[in-house]
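Visitor: Got a minute? I'd like to go through this one with you, part by part.
Guide: Sure. Put it up and ask away.

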Amino acid sequence: MENFKSALDLNRWSADHGRTRILVAASPEQISLYEAARGGMVGPQPATLAVDADQTIPGERLQNVDLVIVEVDVADQGSMNRLKQLRTSHPHILPVAAIHGTSVALMRTLMHEGVADVIALPLDPVEVMQIVLDAISRLDGNSRQDEDLAPMFAVVRSIGGCGATTIATHLAAELGSRTARARSAVIVDLDLQFGTISDYLGVNPAVRVDDLLAAEDRLDDDLVASVATPVNDKLDLIAAPETILPLESVDTDQLLTVLKLLRRQYDYVVLDLPADWTSWALSAVLESSAILLVVETTLPSLRQAKRRLDLFQSVGVRDADVKIIVNRLEKKLFGTISFADVSRTLGHTVLHGISLDQALVSTAQNQGQLVGTIRRGSRFTTDIAKAAELLLGAESGGVN
Ligand SMILES: Nc1ncnc2c1ncn2[C@@H]1O[C@H](COP(=O)(O)OP(=O)(O)OP(=O)(O)O)[C@@H](O)[C@H]1O
Ligand SMILES: [Mg+2]
C-alpha cells in the first residue's frame, strides 16, 4: 500500500484496471526489474511480456488489450518499425513508449509516431500506475464525447452474393422506422466499385459518396446533408460512386470524418462494405459499434466467415462486437448445415437468422422497393425486425 501515492489512487487503479487491459512489453531484463520492483504491490497489475525492443509482439498477446506500454529504442529502426506496425495493425490500442532517457527531441519523435505518453526505463510501478490512470481519464473523456455519436453498424459479407447488401438496406430501414424522427437512419454504400444500393432502393442520386470523400476541408454538415438522398421518410442513402473508384484512392481520415458527421446527424448509421479489406475498410469497421457478418449455411460461406473472424480478431475487434446473421434460412433443412451448426463451426454465437424468400426479395429489389413496402408481415421482414431488436438490445448491453 505504501507504494501508492494515496488510497484514492489505489482505489481508482483497482477499479479502472478491471475495465482496462494493460500489457507491458519490454526486454527480458526490463521485465525482471519491473516485476521485482512491483513485488509486494497491492491491487491488480498489468500483464507482462518479455520481448526484445525490435521483436514483434505476438498478435494473440494484444487481443483485447486497451493500452500497451512498449519498450522503444528510437535509435533502432527495427524498434521504430515495431511501433509503427503496432499503430497500424492495432489502432484502438493506446501505446505508451517506454524509453531510456527523455530528451525533448526524443519525445517529439515519439509523439509524431502517435504514442499517447512516454515513460522512463527502468519502469517504476507507481509511475506506471499514474501513466495508466492519466491515459484512462483521457480515454474516458473521448468516449464521453463519443456518447453523442449514433450507433454505427458495419455489414460485411462472408462470400459474394450472401445477401449482405439486402440485409444492410432492410436493417437500415427497420432501424430508421424505430424512431419518431424523420430521416433518422442513413445507409452508406461503401462498396465503392460495385455498390448497388441505389438500384435496390430505386433512387438515382445526383451526388454520391465520392463527392464527400473528395471534399477535403469543404466537408461539413451541410455538404453531408446535400449528398444524402431520401429513400423514404425514415431512411437516407449515401450512394456508391457512379464510376468505379480505385479503392486505394480513399483517404482514411476523410472517410472517418464523413462517418463521424453522419453519426452526429442521424440516429443510426449502417455501412455496406466492399469485398476487399483495405485499411480504410478496417478502420471503418473498428469505428463501428457492431459488425454484422452475413453468412449462409454453406461450407464456402462458413469457411470465409471464419477467415473474416480471424482477421477481425487480429486487428483487435472485440469478439462481442461481431454479430453473425445467417441469411437464406429455409424452413426445411434436408442435408444442409443447421442453424446451430453455424455457431459451433464459427465458435461464435449467432445473432439471428433471415428467411429465404426468393420471389419476394427479388421482386422488391427489381422494383427498387423495400420488401416491407410491397408486402407487410412476411417472414423476411419479421426476421429483419427481430435482428434489429436483438442488435439494439445487444448495443445497450441487454443481450450477448
Ligand atoms: N433472404 C433472402 N431471400 C431471398 N433472396 C435473397 C435473400 N438475401 C439475398 N437475396 C438475393 O440474393 C442476391 C444477392 O444479394 P445481395 O446483393 O444482397 O448480396 P451481397 O452479399 O451484397 O452480394 P455482393 O457480394 O455482390 O455485394 C440478390 O438477388 C438478393 O435478392
Ligand atoms: Mg453487396
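Visitor: Start with Arg328. Is Arg328 buried, partly exposed or exposed?
Guide: First, a caveat: this is a predicted model. Arg328 is partly exposed, because its relative accessible area is 30%, and the cut-offs are under 20% for buried and over 50% for exposed.

Visitor: Where is the place of Arg328?
Guide: Arg328 sits in strand E12.

Visitor: And what is the phi of Arg328?
Guide: Phi there is near 60°. That is a positive value, and Arg328 is not a glycine. Most residues other than glycine have a negative phi.

Visitor: Now the ligand. Which residues come nearest to ligand 1?
Guide: Arg328 again, along with Arg157, Thr166, Tyr200 and Gln365. They belong to a set of 19 residues around ligand 1.

Visitor: What is the make-up of that shell by class?
Guide: Nine polar, six nonpolar and four charged residues.

Visitor: What about polar contacts? Take Thr165: how far is it from an oxygen atom of ligand 1?
Guide: 2.7 Å, counted to an N or O atom in the side chain of Thr165. Gly163 uses its backbone instead: a polar backbone atom there is 2.9 Å from an oxygen atom of ligand 1. Ser355 also offers a polar backbone atom, 2.9 Å from a nitrogen atom of the ligand.

Visitor: How much of ligand 1 does the protein cover?
Guide: 82% of the accessible area that ligand 1 has on its own, which is 630 Å².

Visitor: Which elements give two or more residues to the shell?
Guide: Two helices and a strand. The helices are H7 (164–177) and H15 (358–366), and the strand is E12 (322–329).

Visitor: E12 again. What is the strand order in its sheet?
Guide: E8-E9-E7-E10-E6-E11-E12-E13. This is an open sheet of eight strands with mixed pairing.

Visitor: Which are the edge strands?
Guide: E8 (229–230) and E13 (350–355), each pairing on one side only.

Visitor: How do E8 and E9 run, parallel or antiparallel?
Guide: Antiparallel, with two bridges joining E8 to E9 (residues 235–238). Across that pair, Pro230 stands opposite Asp236.

Visitor: Let's move to E3. How many residues of strand E3 are buried?
Guide: Five of the five, residues 67–71, so E3 is largely enclosed by the rest of the structure.

Visitor: Which residues point which way from E3?
Guide: Leu67, Ile69 and Glu71 go one way, while Val68 and Val70 go the other. In a regular strand, side chains alternate between the two faces of the sheet. Note that Glu71 is among the buried residues here.

Visitor: How many bridges join E3 to E4?
Guide: Five, with the two strands parallel; E4 covers residues 94–99. E1 (residues 22–26) is also parallel to E3, and four bridges join them. Val70 is a bridge partner in both pairings: Ala25 pairs with Val70, and Val70 pairs with Ala97 in E4.

Visitor: New topic: loops. Where is Gln193 found?
Guide: In the loop between strand E7 (185–189) and helix H8 (197–200). Gln193 is partly exposed, with a relative accessible area of 23%.

Visitor: What does Gln193 touch?
Guide: Leaving out residues up to four places away in sequence, Gln193 touches Ile244, Leu245, Pro246 and Leu247. A polar atom of the Gln193 side chain lies 3.1 Å from the backbone oxygen of Leu245.

Visitor: How far apart in space are Gln193 and Pro274?
Guide: 7.8 Å, C-alpha to C-alpha, although they are 81 residues apart in sequence.

Visitor: Back to backbone geometry. Which residues does a cis peptide bond join?
Guide: Leu121 and Pro122, with omega at about -10°. Pro122 is in the loop between strand E5 (117–120) and helix H6 (125–146).

Visitor: And Glu216? What is its phi?
Guide: Near 45°, so another look at the rule helps: most residues other than glycine have a negative phi.

Visitor: Is Glu216 buried or exposed?
Guide: Exposed, with a relative accessible area of 59%. Glu216 has its place in the loop between helix H9 (209–213) and helix H10 (221–227).

Conventions
Residues are numbered from 1 along each chain as its sequence is written. Chains are lettered from A and ligands numbered from 1 in the order in which they are written. This is a predicted model: local features need pLDDT of at least 70, side-chain atom pairs count only at pLDDT 80 or more; totals for chains, interfaces and linings use all residues. Side-chain values use heavy atoms; hydrogens and water are left out. A residue is near a molecule or strand if one of its heavy atoms lies within 4 Å of it. A polar contact is a pair of N or O atoms within 3.5 Å; within protein, one must be able to donate a hydrogen and the other to accept it, and residues adjacent in sequence count only if both atoms are side-chain atoms. Accessible areas come from the Shrake-Rupley method with a 1.4 Å probe; for residues, only the protein chains shown count as cover. Ala, Val, Leu, Ile, Met, Phe, Trp, Tyr, Cys and Pro count as nonpolar, Asp, Glu, Lys and Arg as charged, and the others, Gly among them, as polar. Buried means under 20% relative accessible area, exposed over 50%, partly exposed in between (1.4 Å probe, protein chains only). Contact means heavy atoms within 4.5 Å. Two strands pair if DSSP finds at least two bridges between them.
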